[in-house]
Amino acid sequence: MPRDQKPTDSLASVLAHHRIWGLLSASARQALEPLFECAHAQAADIVLAQGQLPTRMGLILSGEVSLLDPDLGLKVRLHPGEMFGLGATPLRQLTTWQAKANSACEIAWLPPETLATLCQQHHELAYFFPSLPTASQASPVGNAGDESLNLLSTPIRTLIKRPPITLAPHTSIQDVAVLMRDLRVSSVLLVEQDHLFGLVTDRDLRNRVVALGMDISRPVSDIATLAPMTVSANSPAFEALLLMARHNIHHMPVMDGQHILGMITTTDLTEQHSTSAVYLASDIYKQTTLDGLKQISGRIKQLQQHLAAADASAYSTGHIITSITDAITIRLIQLAEATLGPAPVDYVWVAAGSQARNEQTAKSDQDNCLVLDDAFEEAQHGDYFKAFTQFVCDGLAECGYIHCPGEMMAMTDQWRQPRRVWADYFHKWVDSPKPKSLMLTCVFFDLRAIHGKAELLESLRQQVVQHTKGNSLFLAHMVSNALKHRPPLGMFGQITLIKGGDNPHTIDLKHTGIVPIVDLARVYALAAGVTVANTHDRLEVSSQAGEVSAQAARDLRDALEFLGKLRIAHQSRQTTQHKAPDNFLALEELSNFERSHLKEAFSVVQTLQGVLQQRYSGGRF
């Protein structure tokens with residue numbers, strides 16, 4: 001949105017006749033006027049995206065603005081003289097609503113700190129700003145939560161600022177440059193027969209035309225990026241930013257199926273979301289050495305502390321922390337290929353365990369594997385992939401992701417195999433559900449493609465799911481295996497503590513709290529033929545498939561979220577105390593309220609374990 005450094009002449013008049021600002025004396029209004037920042041917006045511009053309403057307050061000077069919730073289809077029209085955003089918009093709407101210009105308009109903006117100061121200086125104003133935090137509350141910008149949480153939950157479609165600007169591929173380079181200048185845009189899309197053909201940016205004009213002295217009468221398709229990378233309109237903004245950082249691109253078309261919705265740029269994503277999580281991920285892709293990656297990975301504990309202080313959900317924290325692990329893994333893979341040369345056959349690097357489920361915390365080891373194309377031949381290609389996986393796994397270990405104690409890593413020969421071998425593995429595990437097979441299924445059913453040819457994993461996953469769905473013998477054994485992890489509740493509902501060992505008088509939040517829920521969700525997913533890996537998402541989709549009741553799924557999701565936040569807060573406290581994070585919580589760390597909820601969470605898991613045990617021992621199938 002273009003900004004004027006000086007207020008317009010109409011602002012003084014608007015303030016003098018305004019029902020709220022007019023309460024101030026003439027001298028107070030005169031002092032107030034330069035504190036506003038006036039800006040113009042065009043029709044259909046998004047002036048404040050979802051999650052941005054807490055960042056400032058807007059006073060409409062001319063034109064019309066709508067507040068809308070794009071998910072619920074709600075809309076409120078605002079006219080000149082009306083205000084929106086921080087203080088003026090109800091709290092319950094601040095995170096889900098966005099502001100959009102219905103027509104060309106002018107808006108005067110006040111930052112939150114200025115508005116808060118004004119309300120302290122002029123107490124009569126405070127009445128009119130019910131959602132403005134009091135002086136004792138945290139700053140709405142600083143403590144409303146890590147902006148990357150908004151990036152995680154905000155769909156890309158809500159950040160599109162204008163309809164797509166499209167041209168035919170045969171348009172001349174000069175005509176394209178003139179249009180970009182007149183519309184003040186940095187990119188245009190090339191479209192042919194309603195299909196996206198290419199993308200042209202101001203960098204293309206500079207680097208491929210001006211720098212090379214190219215004839216500007218030539219068709220713009222000669223300098224375009226053909227078949228550009230795109231992002232789905234429903235993808236979270238954080239995912240789009242990571243993708244752009246990974247591939248060092250600054251413009252990305254936004255698609256709704258085959259329909260072009262618009263363009264998103266790195267500026268769109270970062271101008272209101274300049275946060276540690278975003279910059280951390282971006283910095284990872286800029287590193288050219290292992291030492292650089294090691295230095296960045298040391299900041300992950302602080303990132304988790306920041307998320308905990310912002311009261312981020314365990315679900316959001318898991319996704320953000322895992323996205324950093326993904327970025328480090330991908331960068332190591334890129335460095336490995338730069339060192340060893342391109343891979344001789346197609347492959348996909350696959351995360352297993354908590355990384356696959358997007359549920360990592362600051363304390364994580366590595367679980368991964370490599371699925372190779374069936375064109376792989378050990379004699380010709382074995383040495384390359386052995387060195388390749390050793391490079392990446394050792395690099396992850398240097399970055400703090402210790403080698404898996406069970407050696408379930410791509411650097412282990414057994415877990416670096418062609419797709420046909422992986423298919424044999426899964427068939428043997430499912431058809432002969434022995435204890436070790438069940439353990440391996442638990443690890444390798446939670447898989448997610450990180451880098452490479454994802455189709456190798458997806459085709460394998462579909463084949464496995466079809467083999468497990470409705471397989472009553474296998475599912476019964478999986479249930480029996482899942483019940484080995486029990487919540488620490490005694491006969492009379494009291495919490496039982498670890499008696500000896502290295503962590504006496506504590507509870508293991510991971511193995512007796514979170515893992516039982518992960519195991520339950522995995523069984524539901526196997527029975528329903530669900531391929532998603534995240535535990536929260538598995539519960540939701542499995543309930544839709546009828547494998548678990550909607551109420552039970554909600555209870556388990558709530559229990560998972562509560563236990564996850566306890567674990568994150570516990571690890572953050574340890575980091576503050578310069579201790580290594582672990583999963584062993586002493587009840588003394590909890591309030592009575594938290595202890596009560598802990599018992600309830602354990603009780604939910606215990607009850608649903610009993611239901612599942614009865615279902616399969618009773619021969620449901």
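This is a short talk on the fold, one sheet, the nonpolar cores and the salt bridges of the structure above.

Good morning. One caution to start. This is a predicted model.

Let's take the overall picture. The protein chain has 24 helices and 21 strands. Its radius of gyration is 28 Å, and the globule rule gives 25 Å for 621 residues. Those two values are close, so the chain is as compact as a globular protein of that length. The C-alpha trace spans about 80 × 70 × 45 Å along its principal axes. Of the 621 residues, 52% are buried. Now the contacts. Take those between residues at least 6 apart in sequence. Of these, 71% join residues at least 24 apart.

Next, a strand from the early part of the chain. That is S4, residues 65–69. Is S4 enclosed or open? Five of its five residues are buried, so the strand is largely enclosed by the rest of the structure. Look at which way they point. Val65, Leu67 and Asp69 go one way, while Ser66 and Leu68 go the other. Both sets are buried.

S4 has strand partners too. With S5, residues 74–78, S4 pairs in the antiparallel sense over five bridges. Leucine 68 stands opposite lysine 75 there. With S7, residues 98–101, S4 is joined by four bridges, again antiparallel. In that pairing, serine 66 stands opposite lysine 100. As a reminder, strands of a sheet pair through backbone hydrogen bonds.

Now to a sheet further along. Four strands form an open sheet, in the order S18-S17-S16-S19, with mixed pairing. Which strands stand at the edges? They are S18, residues 416–418, and S19. Each has a single partner strand, so one side of each is left without a neighbour in the sheet. From one strand to the next, the twist averages 30°.

Zoom in on one pairing. S17, residues 368–372, and S18 run parallel and are joined by three bridges. Leucine 372 has proline 418 of S18 as its bridge partner. A helix packs on this sheet as well. H19, residues 455–468, touches S16, S17 and S19. The direction of H19 makes about 160° with that of S19.

On to the nonpolar cores. The largest has 64 residues. Which of them have the most contacts inside the core? They are Ile328, Trp349, Phe385, Phe388, Trp415, Trp422 and Phe444. Helix H14 supplies the largest share of this core, 10 residues.

Stay with tryptophan 415 for a moment. Set aside its neighbours within four places in sequence. Its contacts then include Cys369, Leu370, Met408, Trp422, Tyr425, Trp429 and Phe444. Glu407 is also among them. A second, separate core has 46 residues, including Leu438, Leu475, Ala482 and Leu509.

Last topic: charge pairs. Side chains of opposite charge can pair when their charged atoms come close. The whole structure holds 22 salt bridges. I'll show three.

The opening example pairs sequence neighbours. Aspartate 182 bridges to arginine 181, with the closest N and O atoms 3.0 Å apart. Arginine 181 is exposed, at 59% relative accessible area, because the cut-off for exposed is over 50%.

The next one reaches across the sequence. Arginine 448 and aspartate 326 meet in a salt bridge, 3.0 Å from N to O. Arginine 448 sits in strand S19, residues 447–452, and aspartate 326 in helix H14, residues 314–340, so the pair ties together parts that are 122 residues apart in sequence. Both arginine 448 and aspartate 326 are buried.

The final pair is arginine 538 with aspartate 446, at 2.7 Å from N to O. Arginine 538 is in helix H22, residues 535–544. Aspartate 446 is in the loop between helix H18 and S19. That puts the partners 92 residues apart. Are they buried or exposed? Arginine 538 has 1% relative accessibility and aspartate 446 has 0%, so both count as buried.

And this pair has company. Shared salt-bridge partners join Arg357, Glu359, Asp446, Asp519, Arg522 and Arg538 into one network.

That's the tour. Thank you.

Terms used
Residues are numbered from 1 along each chain as its sequence is written. Side-chain values use heavy atoms; hydrogens and water are left out. A salt bridge is a side-chain nitrogen of Lys or Arg within 4 Å of a carboxyl oxygen of Asp or Glu. Buried means under 20% relative accessible area, exposed over 50%, partly exposed in between (1.4 Å probe, protein chains only). Helices (H or I, at least four residues) and strands (E, at least two) are DSSP runs, numbered from the N terminus. Two strands pair if DSSP finds at least two bridges between them. Axes are lines fitted to C-alpha atoms, for helices over the stretch in contact, and angles run from 0 to 180 degrees between N-to-C directions. Contact means heavy atoms within 4.5 Å. A nonpolar core is a set of buried Ala, Val, Leu, Ile, Met, Phe, Trp, Tyr and Cys residues joined through side-chain atoms within 4.5 Å. The radius of gyration is taken over C-alpha atoms; the globule rule is 2.2 Å times the number of residues to the power 0.38.
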